[in-house]
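Here are my notes on the model you sent over. I've kept them as numbered points so you can follow along with the viewer open.

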Amino acid sequence: MIALRRIDHVGLRVADLDGAAARWAAQFGLTEVERRADRIRLACDDEPYALELIAGTPLGLDHVAYELAAGCSLEQARAHLLDAGAPLAPGSPGAPPAPGAPGGRDQEPALHTTDPDGFGVELLPFRPPADSRPAHARPAANPAPGHPRKLGHVNFLTADLPAQLAFYTATLGMAVTDWLGDGGVWLHINADHHVMALIAQPAPPAPHFHHLAFDVVDIGALRVALDHLGRHGRWLAWGPTRHGVGGNIAAYVRIPEENCLVELYCDMEVLERGHVPRHWPDDRHASNTWGQLPPRSYFRFDAAAIASEAASLEALGIPLAPLSPDKETP
Ligand SMILES: [Fe+2]
């Protein structure tokens, strides 16, 4: 059996470890909580950590980590992954040891696998919270106000939606929340509307990691965060929006350095027990009850798309040239 409790952290490969850690801390209000030779870990509040920056290439997503639920041991999860035919990477319990790394690729016990698109997935054992009260009632480990509440979800573009969906449901145990037409699916593991979304895109840049999302308290906190990011030279690829699917008020910040976007969001739908998946028509209202669909650059990560987006060229009537198959140049 397998059961996930929550998303634990996102691991990003970065070019300049110290510079990236300082940047994520200054711009998103994260706090450095752990430093090793090859990685730095940052937290939103007093959770263990939400973001793991790793020195390496290619730049961008290395892995997404999930914490197992209290009733699911690492050994049970390992057996389930093996039964499901998922590859176990060196360093996982029961898998061959990584060369030169007797403790695995990290010092914590964890399972490491990959999804059908080749993205890393890490499963961490359940860690009983030292203090089970909600965060606002716990002593603050992070003294800085204004930080996000938590890492909430991730989003991927995929050219093989059936394979990715089968992996995240049958192999990892997520459940479908909603469909958008037949090209988008949102998945949950607890009462949050989604912990992951998969968006079908038949052509490059898919498969591609699209965004990680931080939960902020409300639209007032979102305003403060977006003003702060604007003063650091950041811009929005899309938003603020009110998603029909998920209900979250969301804004998407371009992060060229790590080939992804960061979503800041609040007010996501809370699911009832026994939630039944819904099928939304793929229209403007389902994506944004407040207004516009995103520019095409929102689905791209190449330099031409980023330059177009930074100058808002699509809004000025200058279309974005199609992406060539090499994914890098139009
Ligand atoms: Fe999102």
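**Notes on the predicted model**

1. Let me start with a loop. P205 sits in the loop that runs between β11 (196-200) and β12 (208-215). Have a look at the peptide bond just before P205: P204 and P205 are joined in cis, with omega at about 15°. Bear in mind that this is a predicted model.

2. There's another cis bond to check, this one between T57 and P58, where omega is about -5°. P58 also belongs to a loop, the one between β4 (51-55) and β5 (60-68).

3. Now the overall picture. The protein's secondary structure adds up to six helices and 16 strands. Its C-alpha atoms fit a box of roughly 55 × 45 × 40 Å along the principal axes. Is that what you'd get from a compact globule, and why? For 330 residues, a compact globule would have a radius of gyration near 20 Å, and the protein's 19 Å agrees with that.

4. On packing: buried residues account for 50% of the 330 residues. If you take the contacts between residues at least 6 apart in sequence, 66% of them join residues at least 24 apart.

5. As for the surface, the accessible area is about 14,500 Å², and carbon and sulfur atoms own 58% of it. The protein carries 26 positive and 40 negative charges, and the mean positions of the two sets are 3 Å apart.

6. The metal site is where I'd zoom in next. Which residues hold the iron ion on the protein side? The donors are H153 (NE2), H211 (NE2) and E263 (OE), lying 2.0 to 2.2 Å from the iron ion. Written as a sequence pattern, the donor residues are spaced H-x57-H-x51-E. H153 and E263 link distant parts of the chain: H153 is in strand β8 (residues 150-158) and E263 is in strand β15 (residues 260-266), 110 residues apart. Both H153 and E263 are buried.

7. Stay on strand β15 for a moment, since Y265 lies there too. Is Y265 buried or exposed? Its relative accessibility is 1%, so Y265 counts as buried. Leaving aside residues up to four places away in sequence, Y265 touches K150, G152, H153, A213, F214, D215, V216, N248, I249 and A250; that list includes H153, one of the iron donors. Y265 and A221 are 44 residues apart in sequence, while their C-alpha atoms are 9.5 Å apart in space.

8. Next come the loops on either side of β15. N259 is in the loop between β14 (249-255) and β15, and its phi is near 55°, a positive value in a residue other than glycine. With 27% relative accessibility, N259 counts as partly exposed. D267 is in the loop between β15 and β16, and D267 also has a positive phi, about 65°, without being a glycine. I'd look at both backbones in the viewer.

9. Last one: G274. This residue is in the loop between β15 and β16 (278-280). Because its relative accessibility is 66%, G274 counts as exposed. How far apart are the C-alpha atoms of G274 and N259? They are separated by 36 Å, with the two residues 15 apart along the chain.

Key
Residues are numbered from 1 along each chain as its sequence is written. This is a predicted model: local features need pLDDT of at least 70, side-chain atom pairs count only at pLDDT 80 or more; totals for chains, interfaces and linings use all residues. Side-chain values use heavy atoms; hydrogens and water are left out. Helices (H or I, at least four residues) and strands (E, at least two) are DSSP runs, numbered from the N terminus. The radius of gyration is taken over C-alpha atoms; the globule rule is 2.2 Å times the number of residues to the power 0.38. Buried means under 20% relative accessible area, exposed over 50%, partly exposed in between (1.4 Å probe, protein chains only). Contact means heavy atoms within 4.5 Å. Accessible areas come from the Shrake-Rupley method with a 1.4 Å probe; for residues, only the protein chains shown count as cover. Lys and Arg count as positive and Asp and Glu as negative; His and the chain ends are not counted. The place of a charge is taken as NZ of Lys, CZ of Arg, CG of Asp or CD of Glu. Donors are N, O and S atoms within 2.8 Å of the metal (3.2 Å for Na, K and Ca); water is not among the atoms, so sites may look incomplete.
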